[in-house]
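Colleague: Let's go through this one together, ends and all. Can I just fire questions at you?

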There are 2 protein chains.
Amino acid sequence: MHPVDEKALVILSGGQDSTTCIFWAIDRFGKNAVETLSFDYGQRHRIELVAAADVANYAGVRNTVLPINTFGKLGGNSLTDDSVEMPNTVSSEGLPATFVPGRNLIFLTFAAAYAWRYDIRNLVTGVAQTDYSGYPDCRRATIDALEETLLLALERRMTIHTPLMHLSKKETVLLAKELNAMDALALTHTCYNGSRPPCGECAACILRARGFAEAGIPDPLVNHSG
Amino acid sequence: MHPVDEKALVILSGGQDSTTCIFWAIDRFGKNAVETLSFDYGQRHRIELVAAADVANYAGVRNTVLPINTFGKLGGNSLTDDSVEMPNTVSSEGLPATFVPGRNLIFLTFAAAYAWRYDIRNLVTGVAQTDYSGYPDCRRATIDALEETLLLALERRMTIHTPLMHLSKKETVLLAKELNAMDALALTHTCYNGSRPPCGECAACILRARGFAEAGIPDPLVNHSG
């Protein structure tokens, strides 16, 4: 039995980064102290939730799915709105067309509420500043501010771990290898177009492929699918 | 046409405090610059959303309802969970049994996302430290921290106005009278038991009645219903 301050909740999208975070959390807190939380928020590709369940199952940790039916009603973003075309590049306004304002704040705040209920004091998220400069709520400064807000709001300190924050995609791949997470990465989903095998052409596929190439490691997802 | 920094979004529950905030916002920003946002979050009493629509209609401002289906799945609180008995007092653990961890953070963060989308820079909420010491996310310190978090997360300053923060219930009633909001208060809903006319016996009814009594003003809701 772990003390409450050593239980950890990993926010799991089913992608490469959050999957790597599971193995980081297991390495740090032990498998029995780790569980995962996913959000059914109207993402275009249900395959993400399937990947999350598969990854958690493979890792031997619990996966809870919380519904959020709010983002769709906010409208105007390509990750939940079919009328918006998927971008392959960052928009001219500086923010990616995939930007849902405050989405990570919402995910982390709901995760904190869940953690509060189950006496978990550590949240783990795969957000990263490197490669993701268009998402201001993924920056460590935002995470730090949120930690303070949560401490005041819940009267309990929730530590938000961001093990990938300052890693390049290459370094994230190397970390996954070091943590023996490569087989789990074969189960993840990254492609913006929801394809399996991945389309290889969207911004997410290209970014992922570049990371593996720079790390000199074949992507087990591509091998697995091909 | 108001400049974007003078539009305001009032978070409207349909209760006495948020209704008073509409009139505060109209007084400050002008009726054409004010709209309201309510949340359909699985509250036990749908009458709250009816009251919100009635109040907004009476005030002549728009009311948008955003759904949030997440709290029910977090479980264990009496405002959304029928299996938990309604408290008439604060629980022995210090926090009211009506406590939903982080609920106000979620409401405000979604409101900020909505405001971001529609170029609104002012949020108005009726939370108050006085009389509500059991809800740590209603304190001004929490609101201040959230403002900083939102600034970092959205790269846009959202000012969160809390006109009732340091007022007693009596002072809130006097403010409503000063703002000519008394007729609107006849349309509000306060009772924890969802009764109309109000039960007069739950903690919410007692608190409301005390405020009007101390202000020396009859409650138009009670008169209206009786």
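Colleague: Which residues in α6(A) do A:D17, A:T20 and A:F23 in α1(A) meet?
Modeller: Bear in mind that this is a predicted model: local features need pLDDT of at least 70, side-chain atom pairs count only at 80 or more, and totals for chains, interfaces and linings use all residues. Residues are numbered from 1 along each chain as written, while chains are lettered from A and ligands numbered from 1 in the order written. A contact is two backbone-placed C-beta atoms within 7 Å, and helices are DSSP runs of H or I with at least four residues, strands runs of E with at least two, numbered from the N terminus. On the α6(A) side, the partners are A:T172, A:L175 and A:A176.

Colleague: How do the residues of the contact of α1(A) with α6(A) divide?
Modeller: Ala, Val, Leu, Ile, Met, Phe, Trp, Tyr, Cys and Pro go down as nonpolar, Asp, Glu, Lys and Arg as charged, and the others, Gly among them, as polar. With A:F23 and A:L175 among the residues that meet, the split comes to three nonpolar, two polar and one charged.

Colleague: How many helices and strands are there in chain A?
Modeller: Starting at the N terminus, the order is β-α-β-α-β-α-α-β-α-β-α-α-α-α. Tallied up, chain A has nine helices and five strands.

Colleague: What share of the contacts in chain A with a separation of 6 or more comes from residues 24 or more positions apart?
Modeller: Chain A has 226 residues, and 49% of them are buried (20 or more other backbone-placed C-beta atoms within 10 Å; 12 or fewer is exposed, in between partly exposed). Of the contacts with a separation of 6 or more, the part from residues 24 or more positions apart is 71%.

Colleague: Is A:R62 buried or exposed?
Modeller: A:R62 sits in strand β3 of chain A. Leaving out residues up to four places away in sequence, A:R62 touches A:E35, A:T36 and A:A56. Because A:R62 has 12 C-beta neighbours inside 10 Å, its label is exposed.

Colleague: Which elements give two or more residues to the side of chain A that touches chain B?
Modeller: Each chain puts 32 residues into the contact. The elements of chain A giving two or more are β3 (62–67), α3 (71–74), α4 (103–117) and α5 (140–154).

Colleague: And by class, what does the side of chain A that touches chain B have?
Modeller: Chain A brings 32 residues to that contact. By class they come out as 19 nonpolar, seven polar and six charged.

Colleague: What relation links chain A and chain B?
Modeller: I superposed by least squares on C-alpha atoms of residues with pLDDT of at least 70 in both copies. A turn of 180 degrees with a shift of 0.0 Å along the axis lays chain A on chain B at an RMSD of 0.0 Å. So the relation is that of a two-fold axis.

Colleague: Which residue does a cis peptide bond join to A:R196?
Modeller: Omega is about 5 degrees there. The partner lies in the loop between α7 (182–185) and α8 (203–215) of chain A, and it is A:P197.

Colleague: Where is A:D119, with its positive phi?
Modeller: Phi of A:D119 is near 55 degrees, and it isn't a glycine. A:D119 counts as exposed, because 11 C-beta neighbours fall inside 10 Å. Its place is the chain A loop between α4 and β4 (122–124).
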